[in-house]
Amino acid sequence: MSERRIEAPGDFALPDLAQVRAEAATVDTRAVLGLALDEEPGASRPAVALALWLDRGISTEELKQAAEVRCAVRRPQLHTFVPLYTTNHCDSECKMCSMRKGNARMVRKFSGKNEITEQLEILYHHEGIRGVGFLTGEYQDKYTRLSTAFRIGWAIRTALDLGFERIYFNIGSMEPDEIDVLGEWVGRDEPVTMCVFQETYDRESYRRFMGNTSIDVPKADYDRRVVSFDRWLDAGFRYVNPGVLVGLHDDVSSEIVRLVAHGAHLRSRKAVVDLSLPRMRPAMSSRDTTRINDEDYLRMMAAVAFTCPEQRLVLTTREPQEFQDRALGLAGVISPGSPDVAPYRAGAQARNDEESSQFIIADLRRPRHILSRIEAGGTKVSHFADPAAAGVVAVG
C-alpha cells in the first residue's frame with residue numbers, strides 16, 4: 001500500500017491552565033446547557049468542560065441528561081470492540097501496572113500466529129464480535145519496537161481479512177519509522193484506531209509513575225508519547241483514541257482540560273476521535289486503587305461528553321454492571337473483555353488471572369452476554385452480531 005504524507009499544522013501543545021481557568025470563569029453554564037444540539041459554545045471546549053465540571057449548581061444528573069441528549073444523535077449510537085492482549089512482556093516500569101518489567105511475580109506470556117488467530121475466531125464466531133483491540137507492552141530497543149509494529153500490523157490485517165469491522169491497537173508511543181512498518185499492513189482509510197493513553201498530562205505525576213528518565217524505560221518519554229497521534233495523522237491515518245487514567249493525578253480538573261484540549265487539537269486535524277477516561281483498577285503489587293468516587297467520575301464523563309459530543313467516550317468492564325448502566329448513555333463505545341493474555345475461550349467466560357493480567361476487572365461476563373443485554377434494553381450495538389439471534393448458540 002502506497003505511503004501518503006499530509007501537511008501537518010503543528011503538534012499538540014499543552015494548554016495554559018491559568019488561561020483556561022480564567023476563561024471558564026466567564027462561561028454561562030446555564031446558557032451552555034440550553035444550546036441547540038448542533039450549536040457549539042462560544043468559549044473554547046476546555047473552558048466549557050471545566051466550567052461544567054466546577055459548577056455544582058448544576059447537578060450531576062442534570063448535566064448527565066443534557067449530555068445524553070447531545071450524544072444520542074450520533075449514528076451509530078454505540079459500537080463495540082473487545083481488547084486482545086497478545087503479550088504481557090514490557091520494558092517499562094509504570095508503578096500502577098502489573099505488566100511492569102520489574103514485577104518478578106508476573107507470569108509472562110506471548111501469543112504467536114496460531115493463538116492470535118484462534119482468539120480472533122473465538123471472538124468472531126462464539127461472541128459475535130466485529131471490533132477488536134490489540135495490546136502489547138512498550139519496548140526500548142528499536143529492533144523490538146519495529147518488530148512489534150510489524151507483528152501488530154499483521155494481526156490487524158488478519159482481523160480485517162477475517163471480517164472484523166473496526167480495529168484498535170495500543171502498543172505504546174510510536175515514531176514515524178514504526179508507523180511506516182505497521183502502516184504497510186493497513187490502508188489509510190481503513191477503520192484502524194491508534195490508542196496512546198497519556199495516563200496523566202501532568203508532567204510531575206507522569207514522572208513519578210512512569211519514571212525519571214527514558215533510558216531503558218521507554219514509557220518515561222512523555223514527549224514522544226504525547227505527539228504519537230500527530231505522527232499517525234502525518235502518515236495519513238484518521239482514527240485516534242487519547243485517554244487519561246483517572247485517579248493517577250490528584251487534580252481532576254486539569255486532566256479534563258488537557259484531555260479535551262488534546263481532543264480539540266486532533267479534531268482540528270480532521271481526525272476521528274474517541275476519548276478514554278478509565279479509572280484505576282487493582283493490580284498486582286502496584287499503587288492502583290480507584291481514587292475518584294462514582295458521582296465525581298460520572299460528572300467528569302458528563303462534562304466531557306457534553307462538550308465533545310462527536311467524540312465517543314469509551315466505557316469498559318473495568319466498571320461493574322451497575323455503573324455501566326448509569327454511564328452508557330454518555331458513552332459511544334462499550335468495550336467488554338479481559339486484560340489477560342489470550343484469555344478468550346469458546347463457551348466460557350474469559351480468564352482474568354492476577355498472575356498474568358495487567359489488572360483485575362470488575363465485570364467478567366462474556367462479551368456476548370453484556371452486549372446482548374444492552375441490545376435487549378433498546379440500544380443497538382454496532383460491530384456486534386449476536387450469535388443467539390443468528391441461531392448460533394455456544395455452550396455456556
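Two strands are taken to pair if DSSP finds at least two bridges between them. In this predicted model, strand β4 (residues 166-170) and strand β5 (residues 192-199) meet that condition, pairing in the parallel sense over 3 bridges, and within β5 the bridge partner of Tyr-168 is Thr-193. Between these two strands the chain passes from β4 through helix α7 (residues 176-183) to β5, forming a β-α-β crossover that is right-handed. Strand β5 is also joined by 6 bridges to strand β6 (residues 239-244), and these two strands run parallel; here Met-194 has Val-240 in β6 as its bridge partner.

In a regular strand, the side chains alternate between the two faces of the sheet. For β5 both faces are covered, with Val-192, Met-194, Val-196 and Gln-198 buried on one side and Thr-193, Cys-195, Phe-197 and Glu-199 buried on the other. Accordingly, 8 of the 8 residues of β5 are buried.

The protein chain as a whole contains 14 helices and 9 strands. Its radius of gyration is 20 Å, close to the 21 Å that the globule rule gives for 396 residues, so the chain is as compact as a globular protein of that length. Buried residues account for 60% of the 396 residues, and, among contacts between residues at least 6 apart in sequence, 76% join residues at least 24 apart. The chain exposes about 15200 Å², of which carbon and sulfur atoms supply 51%.

Side chains of opposite charge can pair when their charged atoms come close. The structure holds 35 salt bridges, one of which is formed by Arg-224 and Glu-138, whose closest N and O atoms are 3.8 Å apart. This pair links distant parts of the chain, since Arg-224 lies in helix α9 (residues 222-226) and Glu-138 in the loop between β3 (131-135) and α6 (142-162), 86 residues apart. Arg-224 counts as buried because its relative accessibility is 15%, under the 20% cut-off, and Glu-138 is likewise buried, with a relative accessible area of 4%. Both residues belong to a network of salt bridges that also includes Glu-199, a buried residue of β5.

A further salt bridge connects Asp-234 with Arg-269, the closest N and O atoms being 2.9 Å apart; Asp-234 is in helix α10 (residues 228-234), whereas Arg-269 is in the loop between α11 (252-268) and β7 (272-276). Asp-234, at 13% relative accessibility, counts as buried, as does Arg-269 at 9%. In the salt bridge between Lys-380 and Glu-375, by contrast, Lys-380 is exposed, with a relative accessible area of 55%, while Glu-375, at 22%, counts as partly exposed.

Key
Residues are numbered from 1 along each chain as its sequence is written. This is a predicted model: local features need pLDDT of at least 70, side-chain atom pairs count only at pLDDT 80 or more; totals for chains, interfaces and linings use all residues. Side-chain values use heavy atoms; hydrogens and water are left out. Buried means under 20% relative accessible area, exposed over 50%, partly exposed in between (1.4 Å probe, protein chains only). Helices (H or I, at least four residues) and strands (E, at least two) are DSSP runs, numbered from the N terminus. A crossover is right-handed if, with the strands pointing away from the viewer, the path from the first strand over the helix to the second runs clockwise. The radius of gyration is taken over C-alpha atoms; the globule rule is 2.2 Å times the number of residues to the power 0.38. Contact means heavy atoms within 4.5 Å. Accessible areas come from the Shrake-Rupley method with a 1.4 Å probe; for residues, only the protein chains shown count as cover. A salt bridge is a side-chain nitrogen of Lys or Arg within 4 Å of a carboxyl oxygen of Asp or Glu.
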